[in-house]
Amino acid sequence: MRITHVWCVDKAAGERLAKRYDAELVPHYDGMVGKVDGMFIDDFFVTPFMPDLSMPYLEAGIPCFFDRPMASGMIGAKKVIETSRRTGTPFMTASAYEYLKEVEVARHRMNGIGDVTAYEARNSASNVYMYALHGLWFTLKWMGTDVERIGHRTDNPVNAPGVTVLEHSREGRRFYGTIHHARLKDIMCSVRAYGTQGDFEVSCDVDGRPWNRDIFTYLEMLHTMERMIRTKQRPEPLEYTEAKMRIFMSVLYSAYAMNGAMIDVASLPEDWDAGIPKGFTRSYSDDIVDLYRKELGR
């Protein structure tokens, strides 16, 4: 894959990026339609605008990759999902943790412990909006999305440490899991699951080699993106994408709006919005946000 065209709300930053990759800088966000095979929408700090930024490309049949979580509420998420369903244009919003080999190891070992009774996971995280998602989507990938209620308890709704509690409903029974979010020194994520016939533990360690994270963390996700662009096939069902988005938005809703209370995932207010990501040293000023609004006619 090669970067051939670039748009940036900050023209000077766009010029630097275009020069770095010998790419063409276009003057408007929709100026790459008809010129690219795939679109990478990566400005996490203006997550609420991602659905609108993608519309010209999804409508034109150009596959889109979103830096997670692709929307700040279910209205935006469903806008992308329904456009993809109507046009047949694939997209993906992903955590690299969903593509770790440890996911497949955990799936395999789940087969040997009988009915799940409980689990506990760990996730190396600092900011809730940006990093709690990784451990959550890692967990959903091997455990499943049958989460009926969820809550996130923390002294600080913006930053870790904190703990997410998940209540699953499966085959007429309930069980609970936890995901502990904290700064971990040598572990990206891990899980220990308990069942009626045994238990297992899987850990994704950081081994210190400079190329370890690039190869073992990001590569499979990037391969999946490349296959999506080349084949025009969705990497996961739309129903799964909507489920994982709704569960993550319920985590933010619990942390931001409900003081950590357990949230009925199916009853998450459709119009609730987490807003612009905050709590980062690089969070955008109102001036930058206003530039996006002006570009999008909002």
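In the predicted model, His152 has Thr164 of strand 8 as its bridge partner, and this pairing belongs to the ladder between strand 7 (residues 147-153) and strand 8, in which six bridges join the two strands in the antiparallel sense. Strand 8, which comprises residues 162-170, is mostly covered, seven of its nine residues being buried. Strand 8 is also paired with strand 9 (residues 173-182), again in the antiparallel sense and over nine bridges, and within this pairing Val163 stands opposite His180 of strand 9. Strand 8 and strand 9 form a hairpin with two residues between them, and in the turn Glu171 adopts a positive phi of about 55°.

The pairing of strand 7 with strand 8 is accompanied by a contact between charged side chains, since Glu167 forms a salt bridge with Arg149 in which the closest N and O atoms are 3.1 Å apart. This pair links distant parts of the chain, with Glu167 in strand 8 and Arg149 in strand 7, 18 residues apart. As for accessibility, Glu167 has a relative accessible area of 4%, under the 20% limit, and is therefore buried, whereas Arg149, with a relative accessible area of 32%, is partly exposed.

A separate arrangement is provided by an open sheet of three strands, which follow the order 3-4-5 with parallel pairing. Strand 3 (39-41) and strand 5 (91-94) occupy the edges and have a single partner strand each, so that one side of each is left without a neighbour in the sheet. From one strand to the next, the twist averages 20°. Strand 3 and strand 4 (residues 64-67) run parallel and are joined by three bridges, and Phe40 finds its bridge partner in Phe65 of strand 4.

Strand 4 and strand 5 also take part in the packing of helix 3, whose buried residues pack against helix 2 (50-59) and helix 7 (238-257) as well as against these two strands. The buried residues of helix 3 are Met74, Gly76, Ala77, Val80, Ile81, Thr83 and Ser84. The length of helix 3 can be checked against expectation: at 1.5 Å a residue, its 14 residues (residues 74-87) should span 20 Å, and the end C-alpha atoms are 20 Å apart, which agrees. Just after helix 3, Gly88 takes a positive phi of about 80°.

In helix 4 (residues 101-110), the buried residues are Glu102, Val103, Ala106 and Met110. These residues cover an arc of only 110° around the axis, which means that they lie on the same side of helix 4. An α-helix has 3.6 residues a turn, so residues three or four places apart point the same way. Lys101 and His108, by contrast, are exposed on the other side of helix 4. The elements that cover the buried residues of helix 4 include strand 6 (116-124), helix 5 (128-143), strand 10 (187-195) and strand 11 (198-205).

Across the model, the count of salt bridges comes to 24. One of them is formed by the side chains of Glu239 and Arg85, with an N to O distance of 3.7 Å. Distant parts of the chain are linked by this pair, Glu239 lying in helix 7 and Arg85 in helix 3, 154 residues apart. Glu239 is exposed, its relative accessible area being 53%, while Arg85 is partly exposed at a relative accessible area of 37%.

A further salt bridge is found between the side chains of Glu201 and Arg192, where the N to O distance is 3.0 Å. Both of these residues are classed as partly exposed, with a relative accessibility of 43% for Glu201 and a relative accessible area of 26% for Arg192. Finally, Lys78, Glu242, Arg246 and Glu270 are joined into one network by salt bridges that share partners.

Key. Residues are numbered from 1 along each chain as its sequence is written. This is a predicted model: local features need pLDDT of at least 70, side-chain atom pairs count only at pLDDT 80 or more; totals for chains, interfaces and linings use all residues. Side-chain values use heavy atoms; hydrogens and water are left out. Two strands pair if DSSP finds at least two bridges between them. Helices (H or I, at least four residues) and strands (E, at least two) are DSSP runs, numbered from the N terminus. Axes are lines fitted to C-alpha atoms, for helices over the stretch in contact, and angles run from 0 to 180 degrees between N-to-C directions. Buried means under 20% relative accessible area, exposed over 50%, partly exposed in between (1.4 Å probe, protein chains only). The expected span of a helix is 1.5 Å times one less than its number of residues. Contact means heavy atoms within 4.5 Å. The arc is that of the directions from the helix axis to the C-beta atoms. A salt bridge is a side-chain nitrogen of Lys or Arg within 4 Å of a carboxyl oxygen of Asp or Glu.
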